[in-house]
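Q: Could you take me through one part of this protein slowly, the sheet towards the end of the chain, and show me how its strands and helices fit together? I would like to be able to follow along residue by residue.

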Amino acid sequence: MPHIQQLDSHVADLIAAGEVVERPASVVKELVENAVDAGSSAVVVEIRRGGMGMIRVTDNGCGIAPEELPTAFLRHATSKLRTEEDLGKIGTLGFRGEALAAISAVSRVDILTRQTGTTEGAALHLEGGVPGAVEPAGAPEGTTITVRDLFYNTPARLKFMRKDSAETAAVNGLMQHLALSHPDISFKFIKDGVEALLTPGDGKMDSAVYAALGRDFARGLVPVSGSGGDITVSGFVTAPLMGRGSRSMQVFFVNGRFIKSQLLTAALEEGYRNQIMKGKFPGCVLSVTLPVTAVDVNVHPAKTQVKFAREHDVFDAVYHTVLDALDKAGAPAGAAPAQETPLPAASRQDFFQTMDAKTFRQGGAKPAPQPTAPARPAWNTELRAPARVADSGQASFYQTKRAESPAQSALGRATASVAAPPDAQQSSPPASSYNRGALGRPPASVTAQAAERTAPSAPWSSAPASAPAEKTSPPESAPRPFVPAIPPERLKLTEDLPGQTTVLETKEAPWRIAGEVLRTYIICESEDGSVWLIDKHAAHERMNFDKLKNAQEPPMRQTLLAPIAAELSREDGALLLENLPLLEQFGFACEDFGDGALLVREVPADIDAADTVPTLEEFAERLRTGRSPEERREALLHTMACKAAIKGGWVSDPAELRVLVDRVQSGEIKYCPHGRPVAVKLTKYELEKMFKRA
């Protein structure tokens, strides 16, 4: 066994530096926090090559006495702690006395300082933690520290540094957080000679938010202010309709210190429960102030995590403050305006207290005169025969997206004699109400729609075409036939005769679509009497995922008429810029637009242009959490498949539902890419057992 011996002081300093100095952003954090503790009102940070070449931090604080300069770079040397009791009431940002010693151990440092009220400054040079002689020098009031050649003597750490753009983005994000935590200090950040951030330092939080996070983020914020006992919460949160695709815009401060806390994140998102879209996350700039004795900031070397003495009280303070702010904000931006002439109080009272379900379905508390074409609820007209949508002069998605082939034109002419009743034109939803169908088989869908219009056994329209719409459904006593499954290859057209007759080889499928509920779940009855509930979003998402994963060519793109400027956080923007070739593979043509923004010129054809920014935010989150290139690619495929899929709550064409059911019932699709089941089966015995019939 090797002998135990004490490490050399230089090796010990290098080990200690590894706990504090992880990357250039760590150096900037420690130096700026010291500048804040020195009472500065203005701080300037300048970096080159992402901080690996040079980091310079200048402040106008109290400065350092010349005789104390060598001591400042010793381990555990600090001006902020004196006794053991001070550890329990830390109110400063820096306190451990390890920052300057750790930084100087792995770089070359020059410091120039002058105390307030003195006429002469002092300068000191250190290399590898070894100080030189203190020399008098002319200097402005305050301190300027320059760090060069970071990790020059630790090649093991140097080889793990990321690209300069990524390190610059990390420093930029850090400066945003520091500027937001101290709006009374003017921060200026310069990267490679270009000014990237400047805050006014007027003490107003909204000014700092506008300067640090941008106009688009600042104008969608709701002010937050509240207190409970000795805990105060203030700042801003985003309106519910301004949800983000990730949690990257959630910024928390505790006693002026930027932290990452799952407790505060959970409290914030709990306040948005039932008010924000699923899959979206609120953004915030929240400052929590509480007694210094109620929080421990010495639980992490980088001091980005804290421990609360009364976690339950902190959670309640954030939760109730956010909830009250959202309630006071009223209707979110973009909501429909209220009626200019409100209903009389008596009408509202009658509606809520005396109207039963039957009266509501009939049209209201007071019987209204019957119109010529009775209006039917939207949920009843969604599952009407597709023939009425096409025959009413409103083209479906597939008919507008692609030109008809000669065979399809012949089929349309052969079935043109089937006319919809007059009320169908009034009750059928317009073509624009159907969401874009991205099921991937347009020709088959067109064929299925046309075949359905001529097949007499289709359950969508089993009554004659001239009958009223209310009588199209068969009597409940008569068994309803199954939906015919007509593959395109079995549809034959004879075009050699002038009449152009259509010959169909029909075959009943072992299932039929009984309907759709909540615009999300398809009800399907199988031949053996079982009932299936199919999640249309999960099924379509799996279809898209399999198609993208097995595709041999990149997805089709659509060039945007007006490029989209995607305003992202600095870290997300830099991460996406590092992976531009990967984005190209998925159909995104992006370029750097400055300040973390990306200019998007092309998007995949299946992605709505309105979903571009949320999709890129999710891409950044996936890239951040993926460990290997294959895992990252799988995660991006999940996001692409989800964004291109039809959503729960959308109005879907019956042909779309039929394609989804066909894929699920054939066993091709069983689970969505996230592992959730696509369909749930209820047997006849289980249903009868629910009703005590078995």
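A: Below is a walk along the sheet, strand by strand, followed by the helices on it and a short stop at some aromatic rings.

A few ground rules will help. This is a predicted model, in which local features need pLDDT of at least 70 and side-chain atom pairs count only at pLDDT 80 or more, while totals for chains, interfaces and linings use all residues. Residues are numbered from 1 along each chain as its sequence is written, and side-chain values use heavy atoms, with hydrogens and water left out.

Let's begin with the overall layout. Four strands make up an open sheet in the order β19-β20-β21-β25, with antiparallel pairing. Strands here are DSSP runs of E with at least two residues, and helices are runs of H or I with at least four, both numbered from the N terminus. Two strands pair if DSSP finds at least two bridges between them. At the edges sit β19 and β25 (679–682), each of which pairs on one side only. From one strand to the next, the twist averages 25°; angles like this one run from 0 to 180 degrees between N-to-C directions, and axes are lines fitted to C-alpha atoms, for helices over the stretch in contact.

Now follow the strands across. Strand β19 (residues 511–517) is joined to β20 by 6 bridges in the antiparallel sense, and V517 has Y521 of β20 as its bridge partner. The hairpin of β19 and β20 has 3 residues between the strands, and L518 there takes a positive phi near 60°.

Strand β20 (residues 521–526) deserves a pause, since its side chains alternate. I522, C524 and S526 point to one face and are buried, whereas Y521, I523 and E525 point to the other face and are not. Buried means under 20% relative accessible area, exposed means over 50%, and partly exposed lies in between (1.4 Å probe, protein chains only).

On we go to strand β21 (residues 531–535), which runs antiparallel to β20 and is joined to β20 by 5 bridges. If you find E525, you will see V531 of β21 standing opposite. The hairpin of β20 and β21 has 4 residues between the strands, with G529 taking a positive phi near 90°.

That leaves β25. Its pairing with β21 is antiparallel and covers 4 bridges, and W532 has K681 of β25 as its bridge partner. Packed on the sheet is helix α24 (residues 654–665), which touches β19, β20, β21 and β25, and whose direction makes about 125° with that of β19. Contact means heavy atoms within 4.5 Å.

A second helix belongs in this picture too. Helix α19 (residues 536–550) lies across β19, β20 and β21, and runs at about 65° to β21.

Before you leave, have a look at the aromatic rings. The structure holds 4 aromatic pairs; rings of Phe, Tyr and Trp (its six-membered ring) pair if their centres lie within 6.5 Å, and planes under 30 degrees apart count as stacked, over 60 as edge-to-face and the rest as tilted. One of the pairs is F588 with F619, edge-to-face at 5.6 Å centre to centre and 75° between the planes. Because F588 lies in the loop between α21 (580–585) and β23 (589–594) and F619 in helix α22 (residues 612–625), the pair ties together parts that are 31 residues apart in sequence. F588 is buried, with a relative accessible area of 1%, and F619 is buried as well, at 0%. Together with F586, F588 and F619 form one aromatic cluster.
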